[in-house]
Amino acid sequence: MIKLFLPLVLLVGILLIRQIPRIGGNALAAFLVGGITALITGGISDPRIWAGAWFETFDSISYAAWIILLGSIFAGFQKKKGSIDLVLDILRVLFGQSAQGLVAAVMITLFFSGAVMGTTLAAAATIGIIVVPLLNDMKLKPEMICAMCLSGASMGSIMPPVSNSVVFAAGMMGIDALAAIRKTYLSVGLGLVVVCFIFSKIYVGKKYRLPEELIPKEKISDLLKSGWKKLIPIGILFLLTALASIPVFSLDVLKLILEKLVGTTVWRRFALIPILGKLTNTVVLALVLCSVISFFMSGGPWKERIETVASSCRTVKGTLLLTVVMAFFIASYTAGGQVELIMTWASGLSGHMLIWGGAILFLFFGMLLGSQANSMALLIPIFAPAFMGAGISEVNTCAAISHLAMAGQGMPPADTNAFAIAGIVEGVLHKKVNAQKAMLYSLPYCIYLAVAGLAFCYL
């Protein structure tokens, strides 16, 4: 038990108890101490094993680091060119002075973007860049803005009819995804309403308003007529990610073009290169292209353009370092044998203990691995047959697992998406964002999906 819980207790303790000398509240120290403790209690003392495990894990999540870095650079150029201001002006014309209505509209936009693009980070990296300054103008806390992007994009990832997480679970189980998706219309639909209500009515309510001076007097047609060129990089980014992620298209344009230019063999070999190969990720590649386009479209002296890049990089250097340390903790927890210990424990459960134990593990691994896909890949081979053996139908099992995995993906204190989106928000606002606080703001969506997942187990 010490081997299993001590690393987590230390991690959470350092994060929450700010009175601890020097390291209290320091996320870097928390994940570093937690990872070292996991290795030591697991009997792993060889530094070469530590380094190997860390490198392998960081390589697997390095696409998130690329998105943080490139998203910040892209946002820096959009802010300089006035592209974001133009989008914000259009939104202000559409939604007027109601802060609650505007927040609800932003959440709905994030829901649909998450559904269209299939992943939380893809939606947050594209739509978040646009809406973050608007929310900042309303004087919302950076952490709440981060939580809004995180919650909206995450809920979108499970929203029918695309239902990315449900389709993934069904695919791993070898069942009809459509039957499971039909089951989720009510649960996810209600969840969207609940999340929208919490952010617009409870978090924002009457405490905030959209200042009168920020509402432009022009018509939308006039705004587009004079500034449509500013929207070209944002439009290209959205189009490329949408085409690649909508199932009916599944068209990765950049990948197809680059494979033709350099050859499929060369492209695939490049994709296998550690860390650097993650540049072939669809969203990362789109951000590379659109950042380059923005660089050449921004105008002004070359020195200013280079300074925009450098300034954007400096803004997110802390978040990038945190990503590196988080990878060390995740690797340590696996190398130290804690994951194996949990799997052994789970194999001995039955009945209600099986359901609740499985739910806890989906939440825990979703948080630890930062991805519902990764947690499902790890746990579905064990718990899908176990749930069905306990009398839960295969369709309800699929719906339950997809809801629980999505809930775990956003759980504090180690949600990878929250740290990545915090980096994006920092890059846009040039303000420090506390990712742990953002996770607490977004916790309601996690709780709702967890409850819904458990409910499918008892229907």
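**Questions about a predicted helical protein**

Reader: Which residues does Glu426 touch, not counting residues up to four places away in sequence?
Author: Leaving out residues up to four places away in sequence, Glu426 has contacts on both sides of its own position in the numbering, and they include Lys431, Lys432 and Val433. The model is a predicted one, and in it Glu426 is found in helix H21. The full set of residues touched by Glu426 is Thr315, Val316, Thr319, Lys431, Lys432 and Val433.

Reader: Is Glu426 buried or exposed?
Author: A residue counts as buried when its relative accessible area is under 20%. The relative accessible area of Glu426 is 3%, and therefore Glu426 is buried.

Reader: How many helices and how many strands are there in the protein?
Author: Helix H21, where Glu426 is found, is one of the helices of this model. Counted over the protein, the helices number 22 and the strands number zero.

Reader: What radius of gyration does the protein have, set against that of a compact globule?
Author: The C-alpha atoms fill a box of roughly 65 × 55 × 50 Å, taken along the principal axes. For 459 residues, a compact globule would have a radius of gyration near 23 Å, and the value for the protein agrees with this, being 22 Å.

Reader: What percentage of contacts between residues at least 6 apart in sequence join residues at least 24 apart?
Author: One pair that is separated in sequence is Phe77 and Ser294, which are 217 residues apart along the chain but 6.1 Å apart in space, C-alpha to C-alpha, and Ser294 is among the residues that Phe77 touches. Taking the contacts in the protein between residues at least 6 apart in sequence, the share that joins residues at least 24 apart is 79%.

Reader: Is Phe77 buried or exposed?
Author: Phe77 is found in helix H3, and, apart from residues up to four places away in sequence, Phe77 touches Ser291, Ser294, Phe295, Ser298, Arg305, Thr308 and Val309. Because its relative accessibility is 2%, Phe77 counts as buried.

Reader: Which residues is Thr57 in contact with, leaving aside its neighbours within four places in sequence?
Author: Thr57 is found in helix H3, which covers residues 47–81, and Thr57 is buried, with a relative accessible area of 14%. Between Thr57 and Val324 there are 9.3 Å in space, C-alpha to C-alpha, although the two are 267 residues apart in sequence. With its neighbours within four places set aside, the contacts of Thr57 are Ala327, Ile330 and Ala331.

Reader: Which helix supplies the largest share of the largest nonpolar core?
Author: The largest nonpolar core has 141 residues, and those with the most contacts inside it are Phe31, Met107, Leu135, Leu140, Tyr333 and Phe362. The largest share of this core is 13 residues, and the helix they come from, residues 435–458, is H22.

Reader: Which residues does Met107 contact, leaving aside its neighbours within four places in sequence?
Author: Met107 is one of the residues with the most contacts inside the largest nonpolar core. Once its neighbours within four places in sequence are left aside, Met107 is in contact with Met148, Ser151, Gly152, Val195, Cys196 and Phe199.

Reader: Is Leu443 buried, partly exposed or exposed?
Author: Leu443 lies in helix H22, as does Gln436, whose relative accessible area of 18% makes it buried. Apart from neighbours within four places in sequence, Leu443 is in contact with Met411 and Pro412, whereas Gln436 touches Leu15, Ala27, Phe31, Pro413 and Phe419, not counting residues up to four places away. The relative accessible area of Leu443 is 23%, so Leu443 is partly exposed.

Reader: What value is phi of Lys139 near?
Author: Most residues other than glycine have a negative phi. Lys139 has a positive phi although it is not glycine, and its place is in the loop between helix H6 (120–137) and helix H7 (142–156). Lys139 is exposed, with a relative accessible area of 64%, and its phi is near 70°.

Reader: Where does His430 lie?
Author: His430 is a residue other than glycine with a positive phi, near 60°. At 41% relative accessibility, His430 counts as partly exposed. Its place in the chain is the loop between helix H21 (416–429) and H22.

Technical notes:
Residues are numbered from 1 along each chain as its sequence is written. This is a predicted model: local features need pLDDT of at least 70, side-chain atom pairs count only at pLDDT 80 or more; totals for chains, interfaces and linings use all residues. Side-chain values use heavy atoms; hydrogens and water are left out. Helices (H or I, at least four residues) and strands (E, at least two) are DSSP runs, numbered from the N terminus. The radius of gyration is taken over C-alpha atoms; the globule rule is 2.2 Å times the number of residues to the power 0.38. Contact means heavy atoms within 4.5 Å. A nonpolar core is a set of buried Ala, Val, Leu, Ile, Met, Phe, Trp, Tyr and Cys residues joined through side-chain atoms within 4.5 Å. Buried means under 20% relative accessible area, exposed over 50%, partly exposed in between (1.4 Å probe, protein chains only).
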